[in-house]
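Colleague: I should like to go through the charged side chains and the grounds for each label. Please show the model before we begin.

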Amino acid sequence: MKLIALLLIVIFVSVSSFGLLLQQSNYVNNRMISMKAPKPSGFSNTKAGKLAILERTKKLVDKSAIIITIPIEGVTKEQTDMLRKALPKPTKASVVKNAIFKKAVDGTQFSVLQTGLRDENMYLFIPEGESKATYEAYKKWQKEVKRTEPKFSPKAGALEGILYTGDSIDVVVNLPTKLELITKIAQGIKAVPLKVAKGVKAVPDKLGRAFAAIRDQLEEQSKPAESSEAPAEATA
(Lines give C-alpha, C1' and ligand atoms only; values in the text may rest on other atoms or scores of the structure.)
Protein backbone atom coordinates (compact mmCIF):
# COMPACT_ATOMS: atom_id res chain seq x y z
CA MET A 1 0.00 0.00 0.00
CA LYS A 2 2.80 2.36 0.90
CA LEU A 3 4.40 1.71 -2.47
CA ILE A 4 1.15 2.48 -4.31
CA ALA A 5 0.69 5.68 -2.31
CA LEU A 6 4.25 6.72 -3.13
CA LEU A 7 3.70 6.10 -6.82
CA LEU A 8 0.51 8.16 -6.77
CA ILE A 9 2.34 11.03 -5.12
CA VAL A 10 5.11 10.89 -7.75
CA ILE A 11 2.53 10.86 -10.58
CA PHE A 12 0.64 13.80 -9.04
CA VAL A 13 3.82 15.87 -8.67
CA SER A 14 4.88 15.06 -12.24
CA VAL A 15 1.49 16.09 -13.67
CA SER A 16 1.49 19.30 -11.64
CA SER A 17 5.02 20.18 -12.78
CA PHE A 18 4.12 19.48 -16.41
CA GLY A 19 1.06 21.72 -16.15
CA LEU A 20 3.14 24.52 -14.66
CA LEU A 21 5.74 24.23 -17.41
CA LEU A 22 2.99 24.29 -20.05
CA GLN A 23 1.51 27.47 -18.58
CA GLN A 24 4.93 29.14 -18.56
CA SER A 25 5.54 28.11 -22.16
CA ASN A 26 2.20 29.57 -23.25
CA TYR A 27 2.99 32.79 -21.40
CA VAL A 28 6.34 33.16 -23.16
CA ASN A 29 4.80 32.45 -26.55
CA ASN A 30 2.08 35.02 -25.98
CA ARG A 31 4.67 37.61 -24.96
CA MET A 32 6.72 36.94 -28.09
CA ILE A 33 3.66 37.28 -30.29
CA SER A 34 2.69 40.56 -28.64
CA MET A 35 6.21 41.95 -29.15
CA LYS A 36 6.17 41.37 -32.91
CA ALA A 37 5.72 44.44 -35.14
CA PRO A 38 2.12 44.86 -36.22
CA LYS A 39 1.34 44.05 -39.78
CA PRO A 40 0.70 46.99 -42.10
CA SER A 41 -2.93 47.97 -41.95
CA GLY A 42 -3.03 48.95 -45.63
CA PHE A 43 -4.57 52.33 -44.72
CA SER A 44 -2.99 54.02 -47.72
CA ASN A 45 -4.94 51.67 -49.99
CA THR A 46 -8.27 52.46 -48.37
CA LYS A 47 -10.58 55.23 -49.56
CA ALA A 48 -9.86 57.28 -46.44
CA GLY A 49 -6.11 56.73 -46.83
CA LYS A 50 -6.10 57.83 -50.47
CA LEU A 51 -8.12 60.92 -49.58
CA ALA A 52 -5.61 61.83 -46.84
CA ILE A 53 -2.70 61.45 -49.27
CA LEU A 54 -4.52 63.57 -51.84
CA GLU A 55 -5.11 66.40 -49.35
CA ARG A 56 -1.51 66.28 -48.17
CA THR A 57 -0.26 66.40 -51.78
CA LYS A 58 -2.52 69.38 -52.57
CA LYS A 59 -0.95 71.31 -49.69
CA LEU A 60 2.53 70.55 -51.04
CA VAL A 61 1.44 71.72 -54.50
CA ASP A 62 0.10 75.01 -53.10
CA LYS A 63 3.45 75.77 -51.45
CA SER A 64 5.54 74.92 -54.53
CA ALA A 65 7.05 77.23 -57.12
CA ILE A 66 8.52 74.33 -59.12
CA ILE A 67 7.69 70.61 -59.16
CA ILE A 68 10.09 68.07 -60.65
CA THR A 69 9.25 64.45 -61.48
CA ILE A 70 12.02 61.91 -60.97
CA PRO A 71 12.04 58.13 -61.55
CA ILE A 72 12.17 56.19 -58.30
CA GLU A 73 11.66 52.61 -59.49
CA GLY A 74 14.39 50.34 -58.08
CA VAL A 75 15.43 52.77 -55.35
CA THR A 76 15.62 51.29 -51.85
CA LYS A 77 14.04 52.86 -48.77
CA GLU A 78 17.50 53.61 -47.41
CA GLN A 79 18.43 55.48 -50.60
CA THR A 80 15.14 57.39 -50.50
CA ASP A 81 15.83 58.45 -46.92
CA MET A 82 19.32 59.59 -47.98
CA LEU A 83 17.81 61.84 -50.64
CA ARG A 84 15.26 63.36 -48.27
CA LYS A 85 17.99 64.19 -45.76
CA ALA A 86 20.19 65.74 -48.48
CA LEU A 87 17.49 68.08 -49.78
CA PRO A 88 17.00 71.61 -48.38
CA LYS A 89 14.47 71.57 -45.53
CA PRO A 90 11.78 73.58 -47.36
CA THR A 91 11.81 71.08 -50.26
CA LYS A 92 9.63 68.01 -49.82
CA ALA A 93 10.13 64.72 -51.65
CA SER A 94 7.12 62.44 -51.85
CA VAL A 95 6.36 59.17 -53.63
CA VAL A 96 2.76 59.49 -54.78
CA LYS A 97 0.71 57.28 -57.05
CA ASN A 98 0.31 58.88 -60.45
CA ALA A 99 -3.49 58.87 -60.27
CA ILE A 100 -3.46 60.77 -56.97
CA PHE A 101 -0.85 63.22 -58.22
CA LYS A 102 -2.93 63.98 -61.32
CA LYS A 103 -5.89 64.87 -59.10
CA ALA A 104 -3.71 67.00 -56.82
CA VAL A 105 -2.38 69.19 -59.66
CA ASP A 106 -5.62 69.34 -61.63
CA GLY A 107 -6.56 72.96 -62.33
CA THR A 108 -3.21 74.34 -61.12
CA GLN A 109 -0.15 75.68 -62.95
CA PHE A 110 1.35 72.18 -62.56
CA SER A 111 -1.39 70.39 -64.51
CA VAL A 112 1.07 70.23 -67.44
CA LEU A 113 2.76 67.39 -65.54
CA GLN A 114 -0.30 65.17 -65.90
CA THR A 115 0.64 64.01 -69.39
CA GLY A 116 2.92 61.04 -69.88
CA LEU A 117 3.02 59.88 -66.26
CA ARG A 118 3.96 56.22 -65.96
CA ASP A 119 5.89 53.87 -63.69
CA GLU A 120 6.73 54.81 -60.10
CA ASN A 121 7.75 58.41 -59.50
CA MET A 122 8.94 60.67 -56.74
CA TYR A 123 7.93 64.31 -56.85
CA LEU A 124 10.11 67.15 -55.59
CA PHE A 125 7.92 69.96 -54.29
CA ILE A 126 10.21 72.98 -54.39
CA PRO A 127 9.24 76.35 -52.87
CA GLU A 128 10.43 79.72 -54.15
CA GLY A 129 14.20 80.21 -53.96
CA GLU A 130 15.13 76.55 -53.37
CA SER A 131 15.31 75.15 -56.90
CA LYS A 132 19.07 75.50 -57.44
CA ALA A 133 20.06 74.01 -54.06
CA THR A 134 17.51 71.21 -54.47
CA TYR A 135 18.76 70.25 -57.92
CA GLU A 136 22.38 70.28 -56.81
CA ALA A 137 21.51 68.00 -53.87
CA TYR A 138 19.67 65.63 -56.20
CA LYS A 139 22.59 65.46 -58.65
CA LYS A 140 24.99 64.72 -55.81
CA TRP A 141 22.67 61.97 -54.52
CA GLN A 142 22.56 60.44 -58.01
CA LYS A 143 26.33 60.04 -57.95
CA GLU A 144 26.32 58.56 -54.44
CA VAL A 145 23.77 55.88 -55.32
CA LYS A 146 25.20 55.35 -58.82
CA ARG A 147 22.10 56.42 -60.75
CA THR A 148 23.75 58.78 -63.23
CA GLU A 149 22.52 57.08 -66.40
CA PRO A 150 20.17 59.14 -68.60
CA LYS A 151 17.23 56.88 -67.75
CA PHE A 152 17.49 58.05 -64.12
CA SER A 153 17.48 61.76 -65.00
CA PRO A 154 14.47 63.91 -64.02
CA LYS A 155 11.54 63.23 -66.30
CA ALA A 156 9.92 66.66 -66.27
CA GLY A 157 9.57 69.92 -64.40
CA ALA A 158 6.89 72.60 -64.30
CA LEU A 159 7.15 76.34 -63.62
CA GLU A 160 4.46 78.98 -64.20
CA GLY A 161 2.38 76.57 -66.27
CA ILE A 162 5.22 75.62 -68.63
CA LEU A 163 6.51 72.04 -68.99
CA TYR A 164 10.27 71.50 -69.12
CA THR A 165 12.05 68.27 -70.09
CA GLY A 166 15.60 67.14 -70.76
CA ASP A 167 18.33 69.79 -70.60
CA SER A 168 15.78 72.59 -70.20
CA ILE A 169 15.25 71.46 -66.60
CA ASP A 170 18.90 72.31 -65.87
CA VAL A 171 18.22 75.81 -67.19
CA VAL A 172 14.96 76.50 -65.38
CA VAL A 173 16.25 75.49 -61.95
CA ASN A 174 19.00 78.11 -62.29
CA LEU A 175 16.70 80.98 -63.24
CA PRO A 176 16.77 83.96 -60.84
CA THR A 177 14.03 83.98 -58.24
CA LYS A 178 11.27 86.59 -58.11
CA LEU A 179 13.03 88.26 -55.20
CA GLU A 180 16.29 88.42 -57.15
CA LEU A 181 14.50 89.92 -60.14
CA ILE A 182 12.71 92.51 -57.99
CA THR A 183 16.02 93.44 -56.38
CA LYS A 184 17.68 93.93 -59.76
CA ILE A 185 14.78 96.06 -61.01
CA ALA A 186 14.85 98.15 -57.83
CA GLN A 187 18.58 98.69 -58.23
CA GLY A 188 18.04 99.74 -61.84
CA ILE A 189 15.29 102.20 -60.90
CA LYS A 190 17.47 103.61 -58.13
CA ALA A 191 20.30 104.15 -60.59
CA VAL A 192 18.15 106.16 -63.04
CA PRO A 193 17.60 109.28 -60.82
CA LEU A 194 21.29 109.28 -60.00
CA LYS A 195 22.22 109.36 -63.67
CA VAL A 196 19.60 112.05 -64.34
CA ALA A 197 20.87 114.13 -61.43
CA LYS A 198 24.42 113.91 -62.75
CA GLY A 199 23.17 114.93 -66.18
CA VAL A 200 21.22 117.91 -64.84
CA LYS A 201 24.17 119.00 -62.76
CA ALA A 202 26.35 118.90 -65.85
CA VAL A 203 24.00 121.17 -67.88
CA PRO A 204 25.08 124.51 -66.30
CA ASP A 205 28.73 123.62 -66.79
CA LYS A 206 28.11 122.79 -70.44
CA LEU A 207 26.09 125.99 -70.96
CA GLY A 208 28.77 128.01 -69.22
CA ARG A 209 31.42 126.60 -71.48
CA ALA A 210 29.22 127.23 -74.51
CA PHE A 211 28.60 130.88 -73.58
CA ALA A 212 32.29 131.38 -72.88
CA ALA A 213 33.12 129.98 -76.31
CA ILE A 214 30.60 132.32 -77.98
CA ARG A 215 31.98 135.26 -76.05
CA ASP A 216 35.55 134.46 -77.08
CA GLN A 217 34.45 134.04 -80.68
CA LEU A 218 32.71 137.45 -80.71
CA GLU A 219 35.75 139.08 -79.17
CA GLU A 220 37.98 137.58 -81.83
CA GLN A 221 35.64 138.80 -84.59
CA SER A 222 35.53 142.35 -83.19
CA LYS A 223 39.34 142.83 -83.13
CA PRO A 224 39.89 143.21 -86.94
CA ALA A 225 37.06 145.79 -87.16
CA GLU A 226 38.66 148.00 -84.49
CA SER A 227 42.09 147.88 -86.18
CA SER A 228 40.64 148.94 -89.57
CA GLU A 229 38.86 151.98 -88.08
CA ALA A 230 41.98 153.41 -86.40
CA PRO A 231 43.83 154.53 -89.59
CA ALA A 232 40.68 156.27 -90.89
CA GLU A 233 40.52 158.50 -87.84
CA ALA A 234 44.20 159.38 -88.23
CA THR A 235 43.69 160.48 -91.90
CA ALA A 236 40.83 162.76 -90.95
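Modeller: This is a predicted model. A starting point is helix α3, where R84 and D81 lie 3 residues apart, about one turn of the helix.

Colleague: What makes the contact of R84 and D81 a salt bridge?

Modeller: The side chains of R84 and D81 meet at 4.0 Å, N to O. The rule asks for a Lys or Arg side-chain nitrogen within 4 Å of a carboxyl oxygen of Asp or Glu, so the pair is counted.

Colleague: Which other residue forms a salt bridge with D81?

Modeller: K77 does, with the closest N and O atoms 3.0 Å apart. K77 and D81 both belong to helix α3 and are 4 residues apart, about one turn of the helix. The count by this rule is 2 salt bridges, and K77, D81 and R84 are linked in a network.

Colleague: Why is D81 called partly exposed, and why is K77 called exposed?

Modeller: D81 has 26% relative accessibility; buried means under 20% and exposed over 50%, so D81 falls in between. K77 has a relative accessible area of 64%, which is over 50%, so K77 is exposed. R84, at 38%, is partly exposed because this value also lies between the two cut-offs.

Colleague: Where is K89 found, and how do you know that K89 is exposed?

Modeller: K89 is found in the loop between α3 (77-86) and β2 (92-95). Its relative accessibility is 75%, over the 50% cut-off, and therefore K89 counts as exposed.

Colleague: Which residues gather with K89 in a patch of positive charge?

Modeller: K59, K63 and K92 gather with K89 in that patch on the surface.

Definitions and conventions: Residues are numbered from 1 along each chain as its sequence is written. This is a predicted model: local features need pLDDT of at least 70, side-chain atom pairs count only at pLDDT 80 or more; totals for chains, interfaces and linings use all residues. Side-chain values use heavy atoms; hydrogens and water are left out. Patches are made of residues with over 30% relative accessible area and no salt bridge: like charges are joined within 9 Å, nonpolar side chains (Val, Leu, Ile, Met, Phe, Trp, Tyr) within 5 Å. Accessible areas come from the Shrake-Rupley method with a 1.4 Å probe; for residues, only the protein chains shown count as cover. Lys and Arg count as positive and Asp and Glu as negative; His and the chain ends are not counted. The place of a charge is taken as NZ of Lys, CZ of Arg, CG of Asp or CD of Glu. Helices (H or I, at least four residues) and strands (E, at least two) are DSSP runs, numbered from the N terminus. Buried means under 20% relative accessible area, exposed over 50%, partly exposed in between (1.4 Å probe, protein chains only).
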